[in-house]
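Visitor: Could you take one part of this structure and go through it closely with me? I would like a connected account rather than a list.

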Amino acid sequence: MLGFTYRKEIYFLFAKDQSVRAEKTKEKTIELWKSGNLKEKDIEDFQSIATTYSEKDPTDPVAFHLVARSLFWNLFRIGINFDHDSLILHLGSEFQDFIGSSILADSTLDSIFWNARTAESFSSSSFSDWDNNKVLLFLGETHRHVKRPQVLIMEYGNLDRSKLSPEFQTVYVWLLTFNTMLAGDASGLDKLITITKDPTYKAGIQFTPREENFLRGLGKYYKKDYVGALSLLRQAKSNNPDRITETSIITEATIFHLQNLSQKGIDLLEEFYLSSGKKNPEIPLLVAKMISEKPGVKTKLDLTPEKKE
C-alpha cells in the first residue's frame, strides 16, 4: 500500500511537471509569434510537449486543449492565414474553398476539433483557457459544416474577446464575420462592423466603406432580401475587376436568375467575363447552368467544353 501511494505521488509530480512545461512552452510560442520569430522547430517542440502531457495525464482537459492549440500553429505553416485579405477574398465562398484541397489542412482541422472537444468533455467546469478552447471548437465546427451558421453564431457568438489569447483575436472575428454573413444576420453584421471601429479594438480586421457594403449585401442575399442585396452590392462594385466586383456581379446575376430574369443575369455575366479577359472559368459554367434551368435564354459565350490535349 505504501509503495502504491509512493508511485502515485511520483506519477502526479511528473504530470504536474509536464503541465508546467507545456504552459511555459505555450507562452513562449505566443511571444515568438508576436515578435515574428516563430519557427517550425518551436511549433514541433510545443506539439511534442503537449502530446506527452496528454499521455501522462489522459484525463486533464488542459492537456488536450494544449494539444489542439499546438496543432493550430500548423495552419500557419501550410499557408492558412486568418486575416483581412483572406476574409474578403472568401466571403461568399465555402470554407473548404478557403483551406483548399490540402489533406494535411483537413486532417489538422479535424485533430484540432477533436482534441478541443475532448478537453471540453473532460472538464467539469471552465478552465483558464476555456474561451480559447471555444475558438478552436468554433474553427473546427466551421470546417466540419455539420451545424448551420445560425447555430454556430448562437453557440460561439458571445465569447468574451478580452479573455482571448492574442493569436485567437483575429481568428475569432474572422470566423464570426464569415458565419454571420452566411447566416444572413444583418444586425449581427452591423454589430461586428461597429466593433471593428471601436478605438479599443485590436483584432486587426477592419473594413472600408466599400467592404462594408459588400459584406452587408452578401448578408442580405443569404437572408433572401434580394432588393436590399442588389442595392448594396451595386454600391460595392467598381471599375476594377477585383474579387469584390466579381462576386458582386455573380451574386447580382444569380438574383436575376432567381427572379426569373435569367437573360438579364446572363447578359451581366457575359459583359463582365469578356471585359475582364475571360479569367474566371466558373462564369461560363454558371451561364450554362442558367440556360439549362431556363430554356429559351441565349448567350454569346462559347460554352463548348475545351478539349484536353
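Guide: In this predicted model, the contact between α11 and α12 is made on one side by R210, N213, F214, R216, G217, L218, K220 and Y221 of α11, and on the other by Y226, G228, A229, L232, L233, Q235 and A236 of α12. The axes of these two helices come within 8 Å and cross at roughly 155 degrees. Since angles over 145 degrees count as roughly antiparallel, that value makes α11 roughly antiparallel to α12, and the crossing in which α11 passes α12 is left-handed.

Taken by itself, α11 covers residues 209–222, and its 14 residues, at 1.5 Å a residue, should span 20 Å; the C-alpha atoms at its ends are 20 Å apart, which agrees with that expectation. The residue K224, which follows α11, has a positive phi, near 70 degrees.

The burial of α11 can be read alongside these contacts, for the buried residues in this helix are E211, E212, N213, F214, L215, G217, L218, G219 and Y221. Among them, N213, F214, G217, L218 and Y221 are buried and also belong to the set that meets α12. The cover over the buried residues of α11 includes α12 (226–236), and it also includes α4 (84–90), α9, α10 (186–196) and α13 (243–258).

One of those covering helices, α9, leads to the aromatic residues, of which a search of the whole structure finds 19 pairs. In one such pair, the rings of F72 and F76 have their centres 5.4 Å apart and their planes at 80 degrees, so the arrangement is edge-to-face. Both F72 and F76 belong to helix α3 (residues 61–77), where they are four residues apart, about one turn of the helix. An α-helix has 3.6 residues a turn, so residues three or four places apart point the same way. Even so, the burial of the two rings is not alike in class: F72, at 0% relative accessibility, counts as buried, whereas F76, at 28%, counts as partly exposed.

A further pair joins F98 and W174, whose rings are tilted, with 4.6 Å from centre to centre and 35 degrees between the planes. This pair links distant parts of the chain, since F98 lies in helix α5 (residues 95–99) and W174 in helix α9 (residues 166–182), 76 residues apart. Both F98 and W174 are buried. Returning to F72 and F76, these two residues form one aromatic cluster together with W33, W73 and F168.

Two other buried positions may be set beside these. S123 sits in the loop between α6 (103–122) and α7 (130–144), and with a relative accessible area of 16% it is buried; leaving aside residues up to four places away in sequence, S123 touches P61 and W130. D42, by contrast, lies within a helix, α2 (residues 40–56), and is likewise buried, with a relative accessible area of 16%. Leaving out residues up to four places away in sequence, D42 touches L32 and N37, while its C-alpha atom is separated by 6.8 Å from that of T29, which is 13 residues away along the chain.

Terms used:
Residues numbered from 1 in each chain as written. Predicted model: local features only at pLDDT ≥ 70, side-chain atom pairs only at ≥ 80, totals over all residues. Heavy atoms only, no water. Phe/Tyr/Trp six-rings, centres within 6.5 Å; stacked < 30°, edge-to-face > 60°. Buried < 20%, exposed > 50% of the residue type's maximum accessible area, 1.4 Å probe, protein only. Expected span 1.5 Å × (residues − 1). Contact = heavy atoms within 4.5 Å. Axes fitted to C-alpha atoms, helices over the stretch in contact; angles between N-to-C directions. Parallel < 35°, antiparallel > 145°, perpendicular 65-115°, else oblique. Left-handed = near helix turned anticlockwise from the far one by under 90°.
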